[in-house]
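Here are a few short exercises on aromatic pairs and burial, each with a worked solution. Have the structure open and try each task before reading on.

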Amino acid sequence: MIDIDPQMLWALLLVEGPERLAPGEPDELALWLIRQPPAARQELLPESAGEADHLAWLAAHLVERGLAELAVVPARMALWGRERFAPADANATMNARRALADALIRCLAADEAMEAEETLALAQDYAERALALWGEADFLAAEGQLLLSRAHEAAGKPAQALPAMIRSLAIAEAVLGPEADWCVQARLAVLDLYDRLKDEDGAIAFCRAALARLESEAGEDSPALRPLWIALADRLPVWRDGPEIEAIQARLVGQSAVHYGPDSREQADDRVALARHRIRTGRPQEAIPDLLRARAILEAWPDSRVLDASAAYWLAQAQTEIGADAAMVETLYREAIRGYAKVLGDDAVPTLYARRALGDVLAARERWEESAAILEAAQAEAAARHGGDHPVTLEIGYALARLQREWLYAREDGYLWAWAMNQLTERHGADRLGLIVAMLRLVAPVMRHPDDRDRLFAEAAILLARQGQVDAALALADAELGQPRQSWDGARVHAEAIAFLEEAGRPGEAEAQLARALDTAKLVSVYEAGADQACSDLGQALSERLGRGVLDRLRPRLPADIQPAVDALALEERIDNDDLDGALVLLDRTPVEAIDPGTLLSLGELAARLSRAEVVERVAPLLAAADLAHHTVDLLFFVGREEAALAQLATLSGNWARLEGLAMAARHYGEKRDRDRFEHWAQAALDQLAAHPEGHLFQPLKRIADGGIEAMAMLDFVEWAAARVPEAAETALVEALVRSLQYKERFAEARRVVEAVDADPEVRERLAADLDRAETAARLPNAILRAEEAGRAGHWEAARTALDELATPNPFAAVHHLIRLAETAKLAGDEGAAARALKSALAVLPGNFADSAGKVFFKESLRFDCGRALGQAVARLLPLEWRQAFSEAALLRAARMTDLVAATPFVIAAGQALVAGRSG
């Protein structure tokens, strides 16, 4: 405390100066001053320039001690005194002005300090006066621009701070030289501002320009280049500029060896950075020597624990990727954790990443309990320190979920459905449907792919809705479906709920549920890419669930703002049912912007199939507006309007559209066997392709091949095309020709092409395998026809035998046709035959999911859809006791399978079979 009267001490400061104050008295004096009311402060104002200078000293002293909030009042009083008793542009007055601006910038949000506008005005005034007084040849002008930049930044305006900082740097470079430490730090400040603005391109451009200027003025070996090289390497995208990043890192290694020595910390740091880049670009083996050398250097620098920990961490990463001994990798990660934790703490981001990596290593060694303990503790500390949304928290969470899933797989030997059934059987007893819903909910979180997880939750919700538990179904969907799946799977759940209420004769509740579904769809659409996507999905799900015409029945209940989207869906329904006139009625009342371009194309194709040339011409401008004008060429050719097609072709712009239009013309005249015109248009297409070879070439080349093998003999076309097609497109031409012959079922000729052409062996092998599959598939229509004929005659066993040919190449088709066979048997009154057909469908349900064709053509969602369709068919066609037997058989099949995804359709089918027979 001040032992004497503060006013006497204040007078002592003003008259005799700060040297008369004892330690601690300036701080206490400033506290006393800011407690004075404004009127009392008026009595304390300086009465001379000297007194003002003493107050300026007090303000500077307080700022230097980090007490900017106490410095503002004396700094203001000092500036008032200097401006009253001395010239406004005297050096001391300028210093007082700068001192006040500095204090205000440091405590912009302080109680009495000022508003941001006042700070900016003062900094702007100082910067302008500095330029006017001293000009750009004086360093004080650079400090003025720096002050202005800091004021903008403190006010939360980095975009305005950036040009002032860049100007400050330019002045300082001219005055001090580009290698001055002040300039080095100023460049880093400029980069910080670019980072705050999230302008990576601007930061990269600044680095490149600064490097070019420095290299020309200071030489390629200047130490001032180092921070810019590091900054540039850190900001360049690895996927795009990997070679440049590596060149920079290698250059840094060489420079630090010269400037700091081969055994310096800088040398170790640069080697770690180079190694890290090589690991990230998939070359861990090349990274290991640099990491080992860095660790050897750091043995002489015991105070570089963090850098040594980083070297250990990346060495462990490299050793992991080359499959090194897991025990050695574990040791390295533990060393990294100790080093990071010693300096940064257990919950620092680098420490947490190393702990996560150690958890992964332990899990790979099947030390499940240790791994879980490490990851659970790390996740809790990451969330507490950094928050649940921080990348390190999320990554540890993913690692923990993966560990728990793999631990469960290992513990149960992969039989997860059996595990789920054993876990839940006692709780649900005879309630098999409840058991199945609980199984779906229990296994969903351990699915390897998020889409599969969401699909299982959706299937559980759908089963709940189909048995009338509408609220429970919607609650499950809202709680568990991830955002990407919310739109379509959520729509399916709502559609099931509405269908249940309508079929139960509760139209009022169904209408209320529809309103609820629309509200949810609108909310989802806010987060989805398409503004009306969720509403469209809802309409499509309702249409699929309740059948044709449902959209017309529901339309009066829908709000006006989504009726265009619903009309667009109804238009799709009319097209799907070949109802062209009905589609045209809807086209008249639906805004074109609400219609998907693919729907417009489907409408044009339907009109062409029905030989309605006038409709094709009506749709043509709509297709052109949707960037599908080249398809209009094809449609007009199809309906015999050659002149109109050629006129449309002449209007096409853009390489792809014109190439497609020319290829369509070539195909048209080739199929008419008009060789001259075929060659004319095919040559024009190939010329276009040669001029613009980029893009996907298969489609236009296949159109040319389609026409060529009709206009001339196949070998003649091969010779003609080989002489004209660009070299880069030769392989694509071979594939196009083989596919064209394959689709026309000219398999022998296609095989001759594969055997004769000089193509890559892998390409030839793939084409030959595709031909084998296509030839097998070509037999399927005959199998379907025989099965249908046998079914109509009541020869059920013969029908099922014919359908066996479908099982290998396409199990989904086999299940579909066996369901149709069961429906035919049911209509004929032969329930036993229907049951046998559905039992056969259950037998082929897995299909050849593991073969290469299955991996390419059969998506996981098709498995689930197929299981659902089979279960719903069982519910429609069979009595209760048979449905129960089917469900038990399907569950047992799933319980015996280790492929979780392949087994899932059986669980879905088992559940759907138990829901009393609705249409589905």
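This is a predicted model, and a search of the whole of it finds nine aromatic pairs.

**Exercise 1.** Classify the pair formed by Phe139 and Trp182, then place both residues in the chain.

*Solution.* Start with the two values that describe any such pair: the distance of the centres and the angle of the planes. Here the ring centres are 5.1 Å apart and the planes stand at 85°. Planes over 60 degrees apart count as edge-to-face, so that is the label for this pair. Next, the location: Phe139 belongs to helix α8 (residues 139-154) and Trp182 to helix α10 (residues 181-196), and the pair links distant parts of the chain, 43 residues apart. Finally, Trp182 has a relative accessible area of 24% and is partly exposed.

**Exercise 2.** Do the same for Trp368 and Trp407, and decide for each whether it is buried or partly exposed.

*Solution.* The centres lie 6.4 Å apart with the planes at 10°. Because planes under 30 degrees apart count as stacked, this pair is stacked. Trp368 sits in helix α19 (residues 368-386) and Trp407 in helix α20 (residues 391-411), so parts 39 residues apart in sequence are tied together. For burial, the cut-off is under 20%. Trp368, at 13%, is buried, whereas Trp407, at 22%, is partly exposed.

**Exercise 3.** Describe the surroundings of Arg667.

*Solution.* First find Arg667 in helix α35 (residues 655-671). Its relative accessible area is 16%, so Arg667 is buried. Then list its contacts, leaving aside neighbours within four places in sequence: Asp634, Arg703, Asp706 and Gly707.

Key. Residues numbered from 1 in each chain as written. Predicted model: local features only at pLDDT ≥ 70, side-chain atom pairs only at ≥ 80, totals over all residues. Heavy atoms only, no water. Phe/Tyr/Trp six-rings, centres within 6.5 Å; stacked < 30°, edge-to-face > 60°. Helix = DSSP H or I, 4+ residues; strand = E, 2+ residues; numbered from the N terminus. Buried < 20%, exposed > 50% of the residue type's maximum accessible area, 1.4 Å probe, protein only. Contact = heavy atoms within 4.5 Å.
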